[in-house]
Each structure stands twice: as structure tokens, then as C-alpha cells.
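Let us learn to read helices in a structure. Take a look before we start.

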Amino acid sequence: MSAAQASGEPQTSASRDSGPLRVLTDARYLAMRAIRESLRQPGVEITNIFIPLFFLAVSTGAIANFSERGFGVDNYLAFQLPVAVLQAVAGSSSASGIAIVLDMERGYFDKLLLTPASRWSLIIGRVWADAVRAIFFASIMLIAALVAGSGMAAGVGGAILILVIAGLFGGAYSGIGIFIAMRTGNAQAAQAGFLLFFPLLFMAPAFAPLAVFDDWLRIIATINPVTYIMEGMRGLVMEGYAWPVTEGGQILFGDDGLPQTKDPPALHWAFVSLAGFSVFTLTIAALALRARTRAD
Amino acid sequence: MSQRSPTVAERLFEQLAASAPQHERDAGLAIEAQGLVKHFGDIHAVNGIDLRVRPGQVFGFLGQNGSGKSTTVRMLTTLLRPTAGEASVAGFNVLTQDRQVRRAVGVALQDAGLDILQTGRELLRLQSRLYNVPRGQIEDRVAHLLDVVDLTEDADRRIGGYSGGMQRRLDLASALVHSPSIIFLDEPTTGLDPVSRQNLWEYIQRLNREDRVTFFLTTQYLEEADQLCDEIAILDAGEIVQQGTPDELKATVSADVIYVQVEGDERAQQQAVSALLPLPNVEDAQWDFNEGIAVYTKSGHDTLPRVVRSLDDEGLPFSGLRLARATLDDVFFKATGHRIEPGEQAGQPTPGAGA
């Protein structure tokens with residue numbers, strides 16, 4: 001291509017240069033780059049596998065023998081599987097913030113900002129890559145637990161749903177790291193974003209059902225969106241898929257405006273929480289990007 | 001651009017020879033700015049800059065670190081929002097038509113901004129995609145640019161293993177993927193070895209001469225500004241203090257300069273300056289800690305013996321005396337009151353290299 005071609009027909013490239021489709025195309029290229037980044041740093045990623053597997057093993061080893069007597073959970077490995085999945089996903093999705101800060105420090109972020117690609121594609125590309133990585137790490141947790149005998153009450157469909165939830169949670173979680181990176185441009189701060197994972201995951205029914213929690217912790221867990229995501233997945237592993245109740249082909253809605261289901265815990269709460277969580281994290285990430293690229 | 005291949009500049013030229021952005025010629029100014037201001041809190045980085053760069057010009061910003069060069073480039077290339085003022089690049093407003101500006105220009109910032117985990121080829125490929133180079137042309141384009149900057153052999157190695165010079169070359173190639181009609185280069189040769197520097201100069205000159213690509217470059221090297229630029233703006237503390245062609249600028253100082261190193265403290269220097277200023281033909285005399293006293297004169301031959309006599313009469317010993325033609329250095333000194341001292345980084349790898 002010659003410059004005459006490129007600069008002589010700005011109107012044609014302009015039309016191909018904008019619009020939501022263009023944003024997604026650019027985001028896909030950036031996501032591919034982010035995934036390539038992971039593949040080239042396997043050492044960084046290995047901890048995202050090792051730590052949750054380790055916790056899965058030791059918590060099951062310590063608690064499984066009295067979990068039924070203690071709080072009525074007969075299959076503690078299955079009870080712990082969603083925790084391992086969420087832990088792996090949160091760990092891997094925390095990396096985006098650090099990666100963005102590194103891009104900023106090396107000046108590559110400026111180079112990306114200098115291209116005609118939409119600013120939004122910079123965020124969407126990271127979120128996209130994190131969703132893909134989340135599904136990968138969740139699959140490893142799932143396979144490990146299944147091999148160890150957790151079982152999957154909801155069958156293949158349940159396993160797929162768990163991966164979908166993991167992907168959505170991964171995309172949403174990466175918004176936190178992106179937000180911190182955009183606001184601070186600081187690697188330590190982005191690293192510290194990982195710490196958020198402790199309250200989010202452990203102020204939820206990670207080790208025991210909510211019913212046995214102390215009041216203070218139960219109240220916190222009740223307003224923690226991760227509680228519902230965790231319990232939705234747990235329902236799939238331990239109880240099966242809770243289909244909405246239908247009557248004459250119509251889904252019945254309960255007093256809360258949500259579809260009624262046969263068996264609590266209902267999966268739809270997981271999706272409602274995921275939606276709320278993603279809207280929150282991605283909005284703060286988008287606002288922070290906007291502030292960084294427009295303010296000064 | 002490298003010692004291995006002295007013909008890189010020629011190849012750069014050849015491959016871009018067909019790329020004359022003809023329409024730019026009559027399309028008004030390539031870069032225009034009025035009252036451009038940038039404050040970072042209390043720091044006034046840029047204090048009201050006006051610019052008019054015609055298509056096909058090589059326009060240079062000459063100034064020291066912290067004079068506002070990079071800040072101006074970042075405003076013109078849409079990375080920074082001006083505190084006040086307006087600017088347009090390639091006919092597009094940098095604030096309201098930022099995406100059109102980004103599409104029209106190629107930019108290589110001061111530090112080569114690269115991703116060390118990608119290979120050179122991958123980086124250029126991604127860059128081409130984000131610049132919307134038609135899919136079918138990307139591989140050829142990338143291969144071509146790699147060849148042009150002499151990185152074909154290293155194309156599939158990770159950038160983290162590149163030397164500083166290689167990273168600079170790759171950075172430059174990445175600014176060219178979409179064949180821009182205006183190219184911004186922020187201190188393009190800082191960190192390059194002399195051979196690479198010379199090659200880059202040739203490349204810029206050929207691209208500009210044959211293809212009328214407009215260049216806006218910043219530099220702290222007087223020689224670079226003198227050799228390359230059609231027009232130079234001397235920047236000091238965020239303001240343009242002098243502007244013109246290299247010849248025009250040199251004409252603002254006297255034809256000759258006599259450098260004299262007077263011994264003694266600052267008072268002795270002041271005394272010497274006072275004694276030298278009234279001499280016939282002397283237009284100005286200034287003292288600088290490093291260079292000594294510079295006496296600007298219309299006629300060095302007549303003035304030289306008078307300088308000697310005058311200092312003798314004052315009883316001021318001097319250790320050095322030199323007659324020279326006025327250079328851009330003198331222009332810079334006269335305009336800013338200090339000598340330009342590049343933050344010397346030549347030969348050192350840029351940040352991020354060798355990781």
C-alpha cells in the first residue's frame with residue numbers, strides 16, 4: 001500500500017474506522033495480543049492453577065470428614081468446587097491491571113492510544129481476554145474436581161453453565177484491575193487490586209453454608225454479589241439445574257419479579273448478581289479510562 | 001539505520017517513494033496552532049505556542065529537556081488535552097476530530113513504546129490492524145517495513161531481546177504502517193549511534209524531498225536541526241523565543257563570534273563584558289560558565305586585536321581566544337540566555353531494552 005492510497009482516500013477508511021463493529025474488531029486483536037502475553041509468561045499463570053487447587057485439596061482434606069455432621073454438607077469437594085473456580089478466575093483476571101500499568105510504563109499504552117482504534121476497544125480487549133482466560137482456568141478446576149470425584153449434578157449442561165459463569169465473572173473482575181490501573185498508573189496499586197479478592201470470596205459462603213455463619217458475617221455475605229454467583233454454581237454441582245417453573249408454556253414469575261424455580265438456590269440470582277457486578281466494575285473502568293484519556 | 005546495512009536509508013526511500021500525498025500540497029496548513037497552553041497544576045509546560053507548518057516542511061522544535069517540546073507533540077497528536085488554545089493537524093481539530101488526526105499522522109514518541117512480549121512482526125501486524133490497513137495487504141506491508149528498518153532477521157524474535165537501536169527502528173516502522181502524510185518524531189535520534197543517526201537523517205530528507213511528507217520533529221541537537229529542518233522554532237520554558245529558517249536564524253546573530261576565556265571570578269567576567277561591549281563593530285557580548293565570553297561582531301578580524309588590547313588594558317588575564325562563524329548554538333544562546341546541553345543518551349539503550 002502506498003501513502004497516496006492511504007491518505008488519498010480518508011473517506012473510505014473513515015467509514016470502516018468507526019462504529020460498534022469496528023470497536024469489537026479492534027478489541028479482538030487486542031484480546032489476542034493479551035492472550036499471547038499470557039502464553040508467553042506461563043510462570044505467572046501457573047500460580048492461578050496451583051493456589052486454588054492447593055486450597056481445594058487442603059480445605060477438603062480438613063473439613064470433608066465432619067462437614068455432614070457439622071453443617072449438613074455430605075460432598076464437601078463439590079461444595080468447594082465453585083470456590084476453586086472463582087479463586088482461579090479472580091487470580092487470573094487481576095493480571096490485566098498490572099499488564100496495563102506495564103504498558104503505560106513502557107509507553108506502549110500511548111502507542112495504542114495514538115492509533116485510530118477506539119478507546120473502548122482497549123478495555124473491551126482486556127475484558128475479552130480475561131473472560132477467555134477465566135474459562136480456561138475454570139476448566140482446569142472443573143476437570144481436577146471431577147477427577148477427584150466431586151460429581152456434577154447438572155451434568156454436561158451444568159459444567160458448561162459453570163464455565164459461562166466463570167467467563168462472565170472473569171470479564172467483570174478484570175474491570176477492577178483496569179479501574180485501578182487507569183486511576184493510578186501504579187503497578188503496586190494494581191497488584192493490591194488482587195487483595196479485593198479476599199473479602200469478595202471469603203465474605204461469602206466459601207467454607208460453610210450461610211446458615212451456620214455468625215450474624216455479622218452473614219449480613220455482609222448477603223450483600224456480597226459473589227455469594228449468589230457462588231451459590232448458583234454450587235447448585236449446579238450439588239443439586240442440578242433449577243429450571244424455571246412453567247405453566248402452559250409460560251414462565252411463572254414470583255413476587256420478586258424473577259422466574260420461579262423448583263429448587264433453590266436459584267441459578268438466576270447468580271446471573272442477576274453477575275450482571276450487577278459487571279455493570280459496576282466495567283462502568284468504573286470506563287469512567288477511569290475516560291478521565292485518563294481526556295482530562296490531561 | 002544500522003551499521004550492518006548502510007543502504008537502509010535508500011531502501012526506506014525506495015519503498016516510500018511512490019507514496020506522495022499529493023492532496024496535502026494544496027490543502028492548507030499541515031499543522032496549525034494558536035495560543036497552545038498546557039499547565040500541569042503549577043507547572044506551566046507550554047505557555048502559548050503559535051504554529052504554522054506547511055505541507056512538505058520539515059519543522060523542528062529545538063530546545064532542552066523540559067522546554068515543552070514533548071508536551072507540545074503530545075497535544076498535537078491528541079494524547080494530551082491543551083489547557084487553552086486550538087490546534088489542527090492535517091486540517092482536523094485535535095480536540096473534536098481526534099480520531100481523524102490519529103489516522104492522518106504517524107508518531108514516534110521519545111521513548112520507543114513497545115511491548116516486549118510480542119515479536120517485531122506481531123507488533124507491526126497489530127499496529128497495521130488497528131490502523132485499518134486492508135487485511136490482504138498487511139503481511140506484505142509488515143514484511144516490507146521490517147526489511148526497510150533492517151529487522152527482517154529479527155522479526156520473529158521477541159522485542160524484549162532487541163537492542164535500544166533496534167527498538168527505535170521498530171518504533172519508527174510502527175509509525176509508518178499506514179503511510180501517514182505527517183510524521184511526528186520526538187527526539188528521533190536520541191539514543192542512536194552516529195551511523196544510525198546519519199541514516200535516519202537521510203531517510204527523513206528523502207521522504208520529505210521526494211514524497212512531500214511533512215515532518216514535525218523535536219531535537220536537542222543543533223546539528224540535527226541545522227541539517228534537517230526547513231524551519232526551526234527555538235523553545236525555551238514553554239515558549240517559542242525565536243523562529244525561522246536556519247539561515248534566517250543565523251542572520252540574527254552577528255557574522256562572527258570571538259570566544260575568550262577570561263580568568264577570574266564572575267566579577268572579572270562582568271568587568272570584561274563591560275569593557276568589550278563598547279568596542280567598534282561589537283554587537284553583543286555574553287558570558288556563559290562553560291563557553292566563556294562570546295563576543296558577537298560584524299568583523300572578527302578587526303575586533304580580535306581590539307579584544308586583546310582591551311583585556312590587557314583592564315588587566316584581565318585570559319587563557320583562550322578563538323574566532324568562529326556564528327552557529328545555531330549562538331542563536332540559541334542569544335535567544336535563551338543559555339547554551340543547549342543535550343541530556344546525552346546516545347548509545348544507551350532506551351528504557352525497556354534488554355529485559
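The dialogue below goes through one chain, one helix and one pair of helices.

Q: What kind of model is this, and how are residues numbered?
A: This is a predicted model, where local features need pLDDT of at least 70, side-chain atom pairs count only at pLDDT 80 or more, and totals for chains, interfaces and linings use all residues. Residues are numbered from 1 along each chain as its sequence is written, with chains lettered from A and ligands numbered from 1 in the order in which they are written.

Q: How many helices and strands does chain B have?
A: Helices (H or I, at least four residues) and strands (E, at least two) are DSSP runs, numbered from the N terminus. Chain B has 12 helices and 14 strands.

Q: Why is helix 4 of chain B largely enclosed?
A: A residue is buried if 20 or more other C-beta atoms, placed from the backbone, lie within 10 Å of its own. In helix 4 (residues 120-130) of chain B, 10 of the 11 residues are buried, so the rest of the structure largely encloses it. Among them are Leu123(B), Leu126(B) and Leu130(B).

Q: What comes just after helix 4 of chain B?
A: Asn132(B), with a positive phi of about 65 degrees.

Q: At what angle do helix 4 and helix 5 of chain A pack?
A: Axes are lines fitted to C-alpha atoms over the stretch in contact, and angles run from 0 to 180 degrees between N-to-C directions. Helix 4 (residues 42-71) and helix 5 (residues 76-93) of chain A pack at about 160 degrees, with axes 9 Å apart. That makes helix 4 of chain A roughly antiparallel (over 145 degrees) to helix 5 of chain A.

Technical notes. A residue is buried if 20 or more other C-beta atoms lie within 10 Å of its own, exposed if 12 or fewer, and partly exposed in between; C-beta atoms are placed from the backbone. Angles under 35 degrees count as roughly parallel, over 145 as roughly antiparallel, 65 to 115 as roughly perpendicular and the rest as oblique.
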